[in-house]
Structures are given as C-alpha cells and as structure tokens.
Amino acid sequence: MGGLNVKGQTVRSRSRNSGTRALHRVFGVLAATGICCVSAPASAPLALADTAVPTRLTDSGSPDFGLAASTECVFGGDVIKSTPWSLQRILLDQLWGQAKGKGVTVAVIDTGVDDSNVQLRSAMASGGKSYVGGSTDGTQDLEGHGTRVAGIIAARPIKGTGFVGIAPDAKILSFQYTGGEEKQGNSGTMSAAIRAAVAAGAKIINISSDTANKKDDPTLRTAVEDAVGQGALIVAAAGNDGADGKSADTYPASYPGVLAVAASDRNDERAYFSQAGDFVDVAAPGVDMVSTVPKSGQCSADGTSFAAPYVAGVAALLKEKHPTWKAAQIATRIEETAQRPGREPNRYIGWGVVDPVAALSDDSTPGNSPTPDPVVTAGAGRVIPMAVTMGESESERERRIAIYVLGTGLALALVVAGSGVAVRDWRSRRVGRAGRSG
C-alpha cells in the first residue's frame with residue numbers, strides 16, 4: 001500500500017472504512033486495507049465511503065485516501081443512537097466506578113482533532129500543535145481520522161447516543177503531524193510531535209499510524225526510544241495489512257517499549273485485516289467502531305487505528321487509579337488481564353483481547369513485563385483447573401432427574417385425579433339409568 005510520501009519515507013494512518021458487511025464476508029480475505037480518513041476541500045462536504053480501497057499517492061504527490069463520496073457518513077451529521085458493541089461488552093458502571101480518566105492527558109498524534117464536535121469540545125487540553133499548517137494548536141482535522149481516534153479515548157457523554165469514550169474524563173492533547181492544508185507529514189513530523197508530547201508532560205501517547213512499506217526510520221526510532229526512556233507509554237496501531245496472515249513488523253508499533261495493538265472482532269478473534277507479528281502485544285475492538293467526526297455527529301469504521309485508542313483509554317483509567325505506576329507496569333496490567341487464548345501470547349492478538357474491567361479491578365502491583373501462565377500438572381501441589389465438560393455435568397444431571405421425577409409425579413397425580421372424576425361420572429350415569437328402569 002501507499003502512504004503519505006515525503007523524503008522517501010512514507011507514513012500512513014492505520015484504519016479501514018466500514019463497508020457493506022456482506023461484501024466484507026465474501027471478499028474480506030482478498031481486500032486491501034486503506035485509511036478511514038476523508039480528504040476533500042475545506043468547503044466541500046466531508047463523507048465516508050461505503051467501501052475502502054488502498055491508499056495511494058496521486059500524480060501530484062499528495063495523498064489520495066482512496067474514498068468515494070457517500071451519504072452514509074457526513075461530517076457535521078447525526079449521532080448514532082444505539083450503544084456500540086465495543087462498549088456493550090463492558091460493564092461501564094463497574095469500570096467507571098473505579099476511574100474515568102480524570103487528571104490524565106492523552107496525546108493524540110494524528111491528522112488533528114476537531115474540537116467543534118460537542119463530545120470533544122470540553123475534552124481538549126491546551127498546548128497542542130500542528131506541524132502541517134492549518135490551526136496552530138492541532139484542532140483542525142480535514143480527514144477526520146484524528147477526531148475519531150480522540151473520540152474513542154475521551155468523548156464526553158451526551159443525550160441521544162450510547163457512544164462515549166472509554167475514559168470520558170481524560171483530556172486530549174492534539175498534535176497534527178499530517179493531513180494539513182499546506183503539506184503532508186512524514187516520520188520527521190511524527191518524531192517532532194512525539195518529542196513535543198513528552199515535553200508537554202503527556203504520559204500516554206496514541207499513534208494510529210505507521211510507516212508505509214514497513215520501513216524502520218532512524219529518526220522515528222530515536223524519538224520513540226527517548227519518549228519511552230522518559231516514562232511515556234506509547235500505544236500504537238499494529239497495521240491493517242494482515243489479510244494474508246503473514247507476520248511483518250510495522251513502525252512505530254514494533255519498537256521496544258511500545259504497546260502494539262491489533263484489531264479484534266465481535267467474537268474476540270483477530271479482525272482479518274489486522275497485521276500479525278511477534279511484536280503484537282494485545283488486541284482490542286477494531287470493527288464497526290463508532291466515534292466522533294469533525295463538526296458534529298458520529299460514524300463507524302474499521303481498523304487497528306481504532307483499536308489502539310481503545311487501549312489508550314484503558315491506560316488513562318489505570319493512570320488515574322494508580323498515578324505512581326510506570327508505563328511498563330500499566331502495559332503489563334493490560335496484557336496480563338487480557339482475555340488470552342493460551343498461556344502465552346500469539347502473533348495475531350498478542351496476550352489477548354483487552355478486558356478493561358479486569359485491568360481496573362486488579363489492584364496488585366504489576367511487574368514491568370507480562371509472564372506466561374504457569375504450567376500446571378497433576379501432583380505438583382497446585383490447584384488443578386476443572387476439566388471442561390462438553391456434555392452435562394453431574395449437578396446438571398441431578399437437576400434433570402429431579403425435574404423428571406417431579407414431572408412424573410405431577411402426571412400421575414393428574415391421572416389419578418382424572419380417573420376419580422371418570423369413575424364418579426360413570427357411577428352417576430349408572431344410577432340414573434337404574435332409576436329410569438324402575
């Protein structure tokens with residue numbers, strides 16, 4: 001896939017547009033993944049396409065986000081009334097009873113965050129910056145990508161919609177590294193944004209982009225190393241080129257110290273487009289992800305771009321509840337409490353699908369890296385997990401037999417009662433006939 005090309009190094013946002021689900025099921029394995037952003041003149045209506053195609057560069061060298069006009073999602077449109085499935089899977093009252101992200105600032109390094117959306121207006125922190133022109137504070141978003149990312153982290157609740165951010169009291173600090181009116185960004189502007197976020201005191205940084213062609217960039221690597229060294233937790237999208245199932249490193253997600261997030265679907269399985277690789281740490285919902293768009297309203301889209309902020313929101317909750325925890329400890333807690341597929345991580349969803357409530361409910365102090373579950377063998381002096389019963393258990397069998405006995409007794413009682421009535425009626429008729437004969 002192509003990307004945003006400057007100085008030989010391309011950077012692209014990691015997301016996919018939501019499209020026709022039937023077509024996704026049929027052609028999903030074959031489809032290429034693209035960006036969810038919409039590129040259009042500032043004065044023109046901004047819309048999300050029904051189907052996504054790969055991001056490519058135009059002849060002029062400017063980014064072509066590969067999207068066609070659609071009336072399905074208009075920037076400045078309506079909200080979606082229902083609660084997204086990605087929030088339905090969480091007991092929000094239980095989660096928010098422990099933390100809501102108050103006092104925590106999450107830096108979003110993206111295409112900017114439009115603060116005119118009512119769900120983000122009060123969520124924005126001052127001190128953001130744009131490296132590609134437009135607004136000086138990073139609150140202009142022509143493509144809508146960064147606004148979506150920010151909404152998943154910290155959108156405020158409003159009447160008329162079930163969508164809200166994972167950490168609805170957290171603050172968003174926007175750094176627009178690409179997607180501006182004057183120029184497009186690259187790994188250099190992303191690196192500058194990372195350094196600025198750290199300088200501003202952000203302890204959690206979300207990056208829903210990667211370098212095109214999976215190229216390791218020295219400038220970006222150094223910026224990430226410095227940020228990690230100064231205690232920042234960088235949460236990065238794993239990428240959307242995983243339809244072939246092959247492993248490949250993406251950057252900055254695969255740099256040491258970065259929490260790399262894959263996308264999962266409604267079944268807690270890897271979304272078909274999510275990039276596989278040994279660098280993947282965890283997975284989070286990344287399909288049909290509802291979020292805020294510029295001006296007003298909401299839309300849904302697919303991509304690891306939207307799985308990453310889901311995890312960044314959980315990290316913000318943990319940071320509020322445990323302000324002294326280091327970045328590695330927060331990442332470890334998220335990894336070790338994920339709904340894991342086995343003892344150890346795999347290259348598709350890492351340690352598993354993030355479980356926000358489990359992460360917040362465990363108050364023990366985590367280590368600096370996750371550890372596999374211990375191997376439990378019989379006679380080792382450890383608790384042996386109960387074997388999975390595919391048929392009915394003993395208690396279920398006892399309940400079934402008890403129901404049978406009760407049902408049989410009731411049936412017999414009805415038969416006896418019915419027989420008594422029949423005998424009484426028979427006798428009455430017999431007596432009646434005898435009287436008429438006399």
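Me: Which way do H6 and H7 cross, left-handed or right-handed?
Reply: The crossing of H6 and H7 is left-handed (the near helix is turned anticlockwise from the far one by less than a right angle; clockwise is right-handed). This is a predicted model: local features need pLDDT of at least 70, side-chain atom pairs count only at 80 or more, and totals for chains, interfaces and linings use all residues. Residues are numbered from 1 along each chain, and side-chain values use heavy atoms, without hydrogens or water.

Me: What angle do H6 and H7 make?
Reply: About 10°, with the axes 8 Å apart. H6 covers residues 187-199 and H7 covers 218-229. Helices are DSSP H or I runs of at least four residues, numbered from the N terminus. Axes are fitted to C-alpha atoms over the stretch in contact, and angles run from 0 to 180 degrees between N-to-C directions.

Me: So what do we call H6 and H7?
Reply: That angle makes H6 roughly parallel to H7 (under 35 degrees).

Me: Which H6 residues meet H7?
Reply: Ser-187, Met-190, Ser-191, Ile-194, Arg-195 and Val-198 (contact is heavy atoms within 4.5 Å). On the H7 side, they meet Thr-219, Leu-220, Thr-222, Ala-223, Val-224, Asp-226 and Ala-227.

Me: What's the mix by class there?
Reply: The contact of H6 with H7 has 7 nonpolar, 4 polar and 2 charged residues. Ala, Val, Leu, Ile, Met, Phe, Trp, Tyr, Cys and Pro count as nonpolar, Asp, Glu, Lys and Arg as charged, and the others, Gly among them, as polar.

Me: Switching to H8 and H9. At what angle do they cross?
Reply: Roughly 120°, and their axes come within 10 Å. H8 runs over residues 304-321, and H9 over 327-336.

Me: What does that make H8 and H9?
Reply: They are therefore oblique to each other (not under 35, not over 145, and not 65 to 115 degrees).

Me: And is that crossing left-handed or right-handed?
Reply: H8 and H9 cross in a right-handed way.

Me: Which residues meet between H8 and H9?
Reply: H8 brings Val-311, Val-314, Ala-315, Leu-318 and Lys-319. H9 brings Ile-330, Arg-333 and Ile-334.

Me: How many of the residues between H8 and H9 are polar, and what else is there?
Reply: No polar residues take part in the contact of H8 with H9. Its residues are 6 nonpolar and 2 charged.

Conventions
Helices (H or I, at least four residues) and strands (E, at least two) are DSSP runs, numbered from the N terminus.
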